[in-house]
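Grab a pencil and open the viewer. Here are a few exercises to work through by eye before you read the solutions.

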Amino acid sequence: MSAKCASSSTAKENPLAQAADRMRQSSREDVAFEARLARHHDELRWLYMELYGNGDMFAELVDQMRAFHAARSEQLRALDEQREAAGAWYRDRAMLGMQMYIDNFAGTIRGVEDKLDYLEGCNVNYLHLMPFLDTPADRSRSDGGYAVKDFRRVKPELGTMDDLAHLAEKCHERGISLCMDFVMNHTSDEHEWARRARAGEGEYMSRYFFESNPQVIEQYTRDVPQVFPTTAPGHYTYLPELGQSVMTQFYPYQWDLNYRNPRVFNEMMYNFLYLANQGMDIIRIDAVPYIWKQLGTNCRNLPQVHTIVRMMRMIGEVVCPGIVLLGEVVMAPVEVVPYFGTPEKPECHMLYNVTTMATTWHTVACRDTRLLRRQLEAVCGLPHEYTFLNYLRCHDDIGWGLDYDTLAEWGMQEVPHKKYLNDYFQGLTPGSTSRGELYNADPITGDARFCATTASMCGIEAAGFEGSEPAMDLAIRKDVMLHAYLLSQSGLPIIYSGDEIAQVNDYSYHDDPEKADDSRYIHRGRLDWSLVSAIDEKSSVQDRVFHALEHLEEIRRAEPVFDADAETHVVDYSDPAILWIRRRSGKDTLHAVFNFSDEPRTVWMPERGLYKNLLTGGRRRTFENFELPAWDFAWYVTW
Ligand code: GLC
């Protein structure tokens with residue numbers, strides 16, 4: 001062995017030289033860590049002391065940050081360096097995400113690894129794996145994975161932490177990033193902290209909100225809106241063994257964490273860094289507006305939430321600067337935008353474009369693009385660095401969070417309008433081909449949200465059931481058009497797994513007692529791999545949808561007009577059924593035009609000119625107007 005070492009001259013083969021290299025490398029990295037820490041230390045300490053006033057706990061946090069950095073693999077540190085140099089890597093127009101449940105998609109984490117070729121075939125380079133950390137075995141107490149029992153253990157039926165780290169490695173080799181949920185507002189009542197709190201251990205009780213004063217409970221109930229008014233009403237859950245109630249804003253088995261306790265903050269940050277070190281690239285901070293509670297307020301988006309997110313951003317930037325924080329802020333736009341922070345003090349890198357999503361479906365039901373134009377124009381008016389995650393459907397319901405003040409000016413009132421939308425998408429309105437179910441219908445306020453897959457909402461389910469070719473053609477056209485519209489926006493587009501093959505609603509959850517109460521399972525069905533095989537069957541629904549999306553994704557990747565920095569506007573066109581997005585990059589201007597109506601429309605270009613149709617490639621053509629069939633779209637470029 002030693003003879004072999006001695007005889008080898010290159011550092012690559014010589015273990016001593018390798019060790020020296022590693023030392024040089026690690027001291028270079030330590031210097032980088034210390035430099036990043038120095039950059040953020042004062043602000044981090046200031047915010048920490050302001051919130052907690054506890055210097056010892058701050059010192060512990062910094063020690064742990066150093067330890068997590070030291071434990072970060074060489075590959076991940078190299079990726080950090082590469083990404084730091086590249087800047088906002090997640091804004092590249094070639095980015096395309098997919099959101100999926102591991103079990104529905106491929107059974108296990110290893111199963112996902114085996115399917116990476118398929119995902120690459122879908123042009124996906126960002127994979128959001130829905131919650132996979134350990135949750136109670138009883139699914140009716142897991143909220144689809146959002147009731148975490150152990151932040152450092154994978155649900156055994158899905159695999160292990162090693163499987164996850166291995167998947168991350170394989171993904172990185174292919175240029176695919178991984179996103180995971182970090183459920184920081186609450187833990188499952190089976191989490192060790194909750195179990196010890198339930199046993200009366202004061203140290204652990206202080207990590208949650210215990211209350212025995214009925215007046216306090218009443219006041220919370222009065223001031224704080226309900227998250228699940230029908231499926232889980234109330235904000236507290238009574239624990240007879242303690243004679244006290246514990247705060248549970250979501251389900252009764254999800255105990256809200258008390259971030260007033262610095263131990264909670266520190267430990268949750270260690271969990272975050274631990275998960276980042278498994279190779280996670282994007283950390284989705286679940287339900288972040290809820291994490292700070294203050295009696296007498298509505299307990300949403302309080303200033304302390306922003307302090308915490310800002311600290312988390314700095315902690316990430318110091319330890320693992322390659323990662324991205326994605327905030328889940330399902331709120332009105334005025335509440336969402338502050339989570340970007342300011343250019344000097346940024347918070348989240350990316351946020352869900354939730355109002356645009358809800359307004360899109362409103363537009364589908366109303367065939368009137370006026371509200372959507374306003375919404376898109378407002379988004380276009382924000383600084384370019386603000387990156388949104390765009391989507392048509394995700395794992396949650398669609399809450400009808402629309403701009404009701406504007407709708408009221410046009411004669412539409414909130415309660416009847418929500419009823420209209422819900423009726424339309426359930427297929428109860430004449431002419432509607434959508435299928436789906438209500439979610440958390442509140443008999444008191446008349447409020448309800450909606451669940452279904454994109455394909456079912458576009459009429460693919462109904463057309464398949466009726467066996468009607470013309471209905472299917474129209475439904476597919478609508479589905480593809482909505483994806484084209486998604487890809488026409490700046491930001492990161494995310495496809496919901498199954499949408500690439502137009503998978504329809506899954507009603508089997510009704511027969512599963514662990515799921516039956518939660519209609520979100522209607523769009524959380526198992527991926528039907530026989531439909532994936534049908535992609536290759538000429539003219540099948542899957543062939544038509546999959547290849548159409550593939551074509552659009554390839555165009556987006558190739559054309560600079562789709563750059564995040566393209567100057568983007570909504571054209572004020574006279575026909576309210578037409579949505580017109582204009583993107584300018586360099587000399588090129590893209591006219592992305594969408595017909596949100598059941599009739600064909602003639603569209604007039606701003607002037608007679610030479611246009612290139614991006615969809616057909618082909619030669620440029622001179623024209624002044626063109627025909628756009630119902631629910632169709634066009635992508636024309638001019639110079
Ligand atoms: C988020 C998730 C949702 C979950 C809730 C509670 O809003 O998207 O699915 O029920 O958080 O964790």
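The exercises below cover a sheet, a helix and the domains of this predicted model.

**Exercise 1.** Work out the strand order of the open sheet of six strands, and find its edge strands.

*Solution.* Start by walking across the sheet: the order reads β18-β19-β20-β23-β21-β22, and the pairing is antiparallel. Next, look for strands that pair on one side only; these are β18 (567–570) and β22 (621–628), the edges. Finally, check the twist: neighbouring strands are turned by 25° against each other on average, if you ignore direction.

**Exercise 2.** Zoom in on β19 and β20: over how many bridges do they pair, and which helix packs on the sheet there?

*Solution.* Residues 578–585 form β19 and residues 588–595 form β20, and the two pair antiparallel over eight bridges. Within this pair, S585 of β19 sits across from D588 in β20. Now add the helix: α21 (469–487) packs on the sheet and touches β19, β20 and β23 (633–638). The direction of α21 makes about 35° with that of β23.

**Exercise 3.** Decide which residues of helix α3 are buried, and where they fall around its axis.

*Solution.* First, get the helix: α3 covers residues 55–71 and spans 24 Å from first to last C-alpha, close to the 24 Å expected. Then pick residues under 20% relative accessible area: M57, F58, L61, V62, M65, F68 and H69 are buried. Down the axis, the buried residues of α3 fall within an arc of 145°, so they line one face. The face turned away from that side carries exposed D56, A70 and A71.

**Exercise 4.** How far apart are the C-alpha centres of domain 1 and domain 2?

*Solution.* Take domain 1 as 192–256 and domain 2 as 562–638; their C-alpha centres lie 53 Å apart.

How values were computed. Residues numbered from 1 in each chain as written. Predicted model: local features only at pLDDT ≥ 70, side-chain atom pairs only at ≥ 80, totals over all residues. Heavy atoms only, no water. Pairing = 2+ DSSP bridges. Helix = DSSP H or I, 4+ residues; strand = E, 2+ residues; numbered from the N terminus. Axes fitted to C-alpha atoms, helices over the stretch in contact; angles between N-to-C directions. Contact = heavy atoms within 4.5 Å. Domains from an automatic or database assignment. Expected span 1.5 Å × (residues − 1). Buried < 20%, exposed > 50% of the residue type's maximum accessible area, 1.4 Å probe, protein only. Arc of directions from axis to C-beta.
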